[in-house]
Amino acid sequence: MKQQASTIALSAGNLSFLSRIKPWSIQALIMLSPFVVYGLFLLCYGVNPVDLYVSMVKSTFGDLYGLGEVLLKATPFVLTGLAAALPAKAGLVNVGGEGQLAIGALFATWFGVFYLGEFPAWLGIPLMMIAGALGGAVWAGLVAVLKVKGRLNETITSVLLNYVATFTVGFFVHGLLKDPESFNWPFSPEISSSLRLPIVDGTRLHIGFVVALALAAIVWFVLSKTRLGFRIRVLGSNRLAAQRAGFNINKMYFWVLIAAGMLAGIAGMIEIAGIEGRLRASTGVNFGYLGFLAAMMAWNNPLRLIVTAFLLGMISVAGNTLEIGSGLPSSSVNILMALVLFFILGSGRWAKR
């Protein structure tokens, strides 16, 4: 009897171990599958995928500079991803991170050039960040008002306003914000050196990445551990139940969209203060859409979003190696991004665990 009992216990332990390890093995298979499929695509063009993947890894993780470039790319993806993930928890689809980032960059540059140039870094940088958040909030506020007062679909309005934001930035860099010493090139004057974000020696990586991580942690904490987060999740899960519980739904929609715009606007400020140093018509182009992609891949989980943003950052940086090593255009790396998205979304219940 004792031997039989020990055998049963051992079998139960093995089953418990397998039940714990199975989800992780499925997750690993999901993450590897896009690279296998993309490898078949490369083989069709006579490129050895193993050699190319090794080169891509070396270019991104082979030294401190490469790792810094990956983190640099991931920073706006995290913030614009949060701008999509937070409203998603309330049942909203905000695709406006692109425009909110652009207007945040516009506000941050305007204040940096005209009002904050003489301020010390300890004061000027936070004020410039507030200006960026304000710009993103203003642009998201348009979506919020149209949603709450006009009952318009936020997905459509946020996408359309992205194009308006692009033209708005173009208007300013060709006009009021144009650098008089630019030899007719459309960009703003450079912000003061005191307003630039500190960087890690030997890289271009700045402290904006730490800000992005901190904001992701704050959003996760609010959504998971606070009463406000519980109300947001209830609203996203069942609007009718939220109405019957007495929630002011329109007010919640409004402020969730405003908060999302602020996150994307901070991403715009970080691009100016950390990388560009001045506003251009092309500042942050496609970062909002890639952030939305990162949020979808993470199933709108703020902590998983950090991982998916890092993955997209790695793929983006490796695009240059792809072009050199395969002869394919660097834009073909978008195929790999799409495959990663399809496999993760197609995994359904496994990815949500």
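Start with Arg231 in this predicted model: its charged end sits over the ring of Phe247, 4.1 Å from the ring's centre. You can look for a second arrangement of this kind at Arg280, which lies over the face of Phe187, at 5.3 Å from the ring centre.

Now step back and look at the whole chain. What kinds of secondary structure does the chain have? It has 14 helices and 0 strands, so if you read along the sequence you meet α after α, in the pattern α-α-α-α-α-α-α-α-α-α-α-α-α-α.

How do parts of the chain come together? Take the contacts between residues at least 6 apart in sequence: 76% of them join residues at least 24 apart. Of the 353 residues in the chain, 46% are buried. On the outside, the chain exposes about 17,600 Å², and carbon and sulfur atoms supply 68% of that area.

Let's go inside next. The largest nonpolar core has 89 residues, and the ones with the most contacts inside it are Leu82, Met128 and Met269. Which helix gives the most to this core? That is helix α10, which covers residues 249-276 and contributes 12 residues.

Leu82 is a good place to pause. If you set aside its neighbours within four places in sequence, Leu82 is in contact with Pro87, Leu215, Ala216, Val219, Leu263, Pro302 and Leu305. Try finding Leu82 in the structure, then pick out these partners one by one.

Finally, turn to the aromatic rings. The structure holds 10 aromatic pairs. One of them is formed by Trp110 and Phe172, with an edge-to-face arrangement: the centres are 6.0 Å apart and the angle between the planes is 85°. This pair links distant parts of the chain, with Trp110 in helix α4 (residues 97-114) and Phe172 in helix α6 (residues 154-173), 62 residues apart.

Are Trp110 and Phe172 buried or exposed? Trp110 counts as partly exposed because its relative accessibility is 26%, and partly exposed covers values between the 20% and 50% cut-offs. Phe172 has 18% relative accessibility, so it counts as buried, given that buried means under 20%. The two rings also belong to a wider group: Trp110, Phe114, Phe171 and Phe172 form one aromatic cluster.

Terms used: Residues are numbered from 1 along each chain as its sequence is written. This is a predicted model: local features need pLDDT of at least 70, side-chain atom pairs count only at pLDDT 80 or more; totals for chains, interfaces and linings use all residues. Side-chain values use heavy atoms; hydrogens and water are left out. A nonpolar core is a set of buried Ala, Val, Leu, Ile, Met, Phe, Trp, Tyr and Cys residues joined through side-chain atoms within 4.5 Å. Buried means under 20% relative accessible area, exposed over 50%, partly exposed in between (1.4 Å probe, protein chains only). Helices (H or I, at least four residues) and strands (E, at least two) are DSSP runs, numbered from the N terminus. Contact means heavy atoms within 4.5 Å. Accessible areas come from the Shrake-Rupley method with a 1.4 Å probe; for residues, only the protein chains shown count as cover. Rings of Phe, Tyr and Trp (its six-membered ring) pair if their centres lie within 6.5 Å; planes under 30 degrees apart count as stacked, over 60 as edge-to-face and the rest as tilted. A charge sits over a ring if NZ of Lys or CZ of Arg is within 6 Å of the ring centre and within 35 degrees of the ring normal.
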